[in-house]
Amino acid sequence: MVNQKEEICTDIGKAMGTFLRITSYGRRQGEVSKAVRAYFRNVENLCSRFRSDSDVSCVSAAAGVKPVMVSSLCRDICRCSLREAAFTGGIFDPTVGALTSLWNIGGENERIPSKEEIEKAKVLIDYKHIEIGERSVFLKEKGMSLDLGGIAKEYALHQAAALAEHMGECSMMIDA
């Protein structure tokens, strides 16, 4: 039951290319909501393939050349993506970026790629060619590209919920 002094607070905005709605009922609504939103923003800044300065973009740019030092958060998400890739036998594959980038969805020149482009990109998809070091991530083949969009939002959602609970906010719904 909600205490009469507590009000429902809904914070609606965007994160990671989609909507993010945070509804809370506790006394620390604003503080916890800001922390949750900041967590989503941090994951997006590190893992977006649309940001040239993100860890993911830097790893993709150095594919086949050298390992790239990345944040511990990015490494954790990469590790989770490899577990999911192994669990699904490669049906989920975080190295799908060479293929997904062909459509340029969200960019100025969205398009449908040719069959030849698609076939060429498919050769670069293989999660078994990712090496995660103590502080780095390396794509072994030149032209490979990470796309963590299939897992980063879920990861952020679970971790943001844990953060809110740790901050003492147990009456919250995060809808992303």
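## Asp 147 and its partner

Asp 147 has a relative accessibility of 13% and therefore counts as buried, the cut-off for burial being under 20%. This value, like the others in this report, comes from a predicted model. Asp 147 forms a salt bridge with Arg 49, with 3.0 Å between the closest N and O atoms. The pair connects distant parts of the chain, 98 residues apart. Arg 49 lies in the loop between helix H1 (29–47) and helix H2 (55–61), whereas Asp 147 lies in the loop between E5 and helix H6 (152–166).

The acidic residue of this pair is buried. Arg 49, by contrast, has a relative accessibility of 25% and so counts as partly exposed.

## Strand E5 and its neighbours

Strand E5 spans residues 136–139, and these residues are all buried. Ser 136 and Phe 138 point to one side of the strand, while Val 137 and Leu 139 point the other way.

E5 pairs with two strands described here. With strand E3 (residues 68–69) the pairing is antiparallel and runs over two bridges; Val 137 of E5 is the bridge partner of Val 68. With strand E4 (residues 130–132) the pairing is likewise antiparallel, over three bridges, and Val 137 stands opposite Ile 132. Val 137 thus appears in both pairings, with Val 68 and with Ile 132. A hairpin of three connecting residues joins E4 to E5.

## Further salt bridges

The structure holds eight salt bridges. In general, side chains of opposite charge can pair when their charged atoms come close. One of the salt bridges is formed by the side chains of Lys 140 and Glu 131, at 3.6 Å from N to O. Glu 131 belongs to strand E4, which covers residues 130–132. Lys 140 is partly exposed at 36% relative accessibility, and Glu 131 is also partly exposed, at 39%.

Another salt bridge joins Lys 122 and Glu 119, whose closest N and O atoms are 3.4 Å apart. Both residues lie in helix H5 (residues 115–122); because they are three residues apart in this helix, about one helical turn separates them. Lys 122 is partly exposed, with a relative accessible area of 43%, and Glu 119 is partly exposed as well, with 46%.

Technical notes
Residues are numbered from 1 along each chain as its sequence is written. This is a predicted model: local features need pLDDT of at least 70, side-chain atom pairs count only at pLDDT 80 or more; totals for chains, interfaces and linings use all residues. Side-chain values use heavy atoms; hydrogens and water are left out. Buried means under 20% relative accessible area, exposed over 50%, partly exposed in between (1.4 Å probe, protein chains only). Helices (H or I, at least four residues) and strands (E, at least two) are DSSP runs, numbered from the N terminus. Two strands pair if DSSP finds at least two bridges between them. A salt bridge is a side-chain nitrogen of Lys or Arg within 4 Å of a carboxyl oxygen of Asp or Glu.
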